[in-house]
Amino acid sequence: MIKLTNIHKRFGESEILKGIDLEINQGEIIVVIGSSGTGKSTLLRCVNFLESADQGTITIGDVSVDSTNPNKNDVLALRRKTGFVFQNYALFAHLTAKQNIAEGLITVLGWKKDQAYERAQQILNDIGLGDKSEQYPASLSGGQQQRVGIGRAMAQEPELLLFDEPTSALDPEWVGEVLSLMKKLARVHQTMLVVTHEMQFAKEVADRVIFMAEGKIVEQGSPQDIFDNPQDIRLKKFLNQVGIQ
């Protein structure tokens with residue numbers, strides 16, 4: 001369903017991604033772990049062209065884009081197949097929770113306002129924020145804002161949800177409610193590619209865990225393979241640093 005082929009990305013003299021190959025099946029939950037600066041977030045952003053890779057092909061369903069010569073219409077079609085959840089929520093401060101969720105449906109998909117607001121309210125109900133629809137981001141907790149961010153990503157029913165460290169900006173008391181919503185999505189087999197430092201979430205939810213180091217996928221496997229029987233010395237060191245081994 002989703003295929004990344006030979007993805008390379010440079011920022012100046014620094015080569016951040018060094019030939020990433022990855023296939024994701026429909027309904028699969030992939031969790032990407034690794035130390036800061038290994039290219040995890042950059043990889044995520046290259047998938048839907050928030051960043052343009054310097055080389056490589058990205059395929060989601062029937063849309064395939066060559067990063068060396070991307071066609072604008074194909075890039076837009078690819079983005080419509082994804083939903084992106086940012087670590088800092090990225091909500092519009094001047095829009096209510098309901099309007100934040102509805103905005104993409106109106107501006108990207110051309111839905112009528114009434115139809116979009118009805119869908120947004122339905123999503124808010126589903127994520128446990130039905131009574132917050134008319135509130136602005138400033139009046140919501142960090143956990144509630146991030147759940148609205150996830151709701152916005154869900155609104156267009158994307159084939160792939162991308163999560164860029166969705167709990168890293170949250171106070172500890174709000175982390176659980178966001179992870180709980182992500183687990184709910186996992187139970188209905190929403191395809192997800194998640195960059196996170198939440199190792200327990202990776203253990204419980206991931207179908208496959210990918211360990212990145214130095215811009216490459218170094219090791220991948222089931223949570224049991226990665227956490228209980230790591231092979232690469234860099235993975236063993238990382239797990240030791242985060243208190244797993």
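This note goes through the two largest pockets of a predicted model and one of the helices beside them.

1. The largest pocket has a volume of about 550 Å³, and its lining is made up of 22 residues. Those that lie nearest the centre of this pocket are Thr-82, Phe-84, Val-108, Arg-152 and Gln-156.

2. As to where the lining of the largest pocket comes from, at least two residues are supplied by each of α2 (72–80), β6 (82–85), α3 (97–107) and α5 (142–154). Of the contributing elements, α3 gives the most, with six residues.

3. The lining of the largest pocket is mixed in class, with 11 nonpolar residues set alongside seven polar and four charged ones.

4. The second largest pocket holds about 230 Å³ of space, and the residues that line it include Arg-119, Ile-123 and Asp-126, together with Met-154, Glu-157, Pro-158 and Leu-161, and, further along the chain, Leu-181, Lys-184, Leu-185, Val-188 and Gln-190. Two elements, α4 (113–126) and α6 (172–187), give two or more residues each to this lining.

5. By class, the lining of the second largest pocket divides into seven nonpolar residues, four charged residues and one polar residue.

6. Helix α5, which supplies at least two residues to the lining of the largest pocket, has 13 residues and reaches 18 Å from its first C-alpha to its last, close to the 18 Å expected at 1.5 Å a residue. This helix is mostly covered, since 13 of its 13 residues count as buried, that is, under 20% relative accessible area.

Key: Residues are numbered from 1 along each chain as its sequence is written. This is a predicted model: local features need pLDDT of at least 70, side-chain atom pairs count only at pLDDT 80 or more; totals for chains, interfaces and linings use all residues. Side-chain values use heavy atoms; hydrogens and water are left out. On a 1 Å grid over the protein atoms alone, a cavity is a set of points where a 1.4 Å probe fits but cannot get out, and a pocket is an open set with protein on both sides within 12 Å along at least five of seven lines; lining residues have an atom within 4 Å of a point. Grid points are joined across faces, edges and corners, and a volume is the space filled by probe spheres set on the points. Helices (H or I, at least four residues) and strands (E, at least two) are DSSP runs, numbered from the N terminus. Ala, Val, Leu, Ile, Met, Phe, Trp, Tyr, Cys and Pro count as nonpolar, Asp, Glu, Lys and Arg as charged, and the others, Gly among them, as polar. The expected span of a helix is 1.5 Å times one less than its number of residues. Buried means under 20% relative accessible area, exposed over 50%, partly exposed in between (1.4 Å probe, protein chains only).
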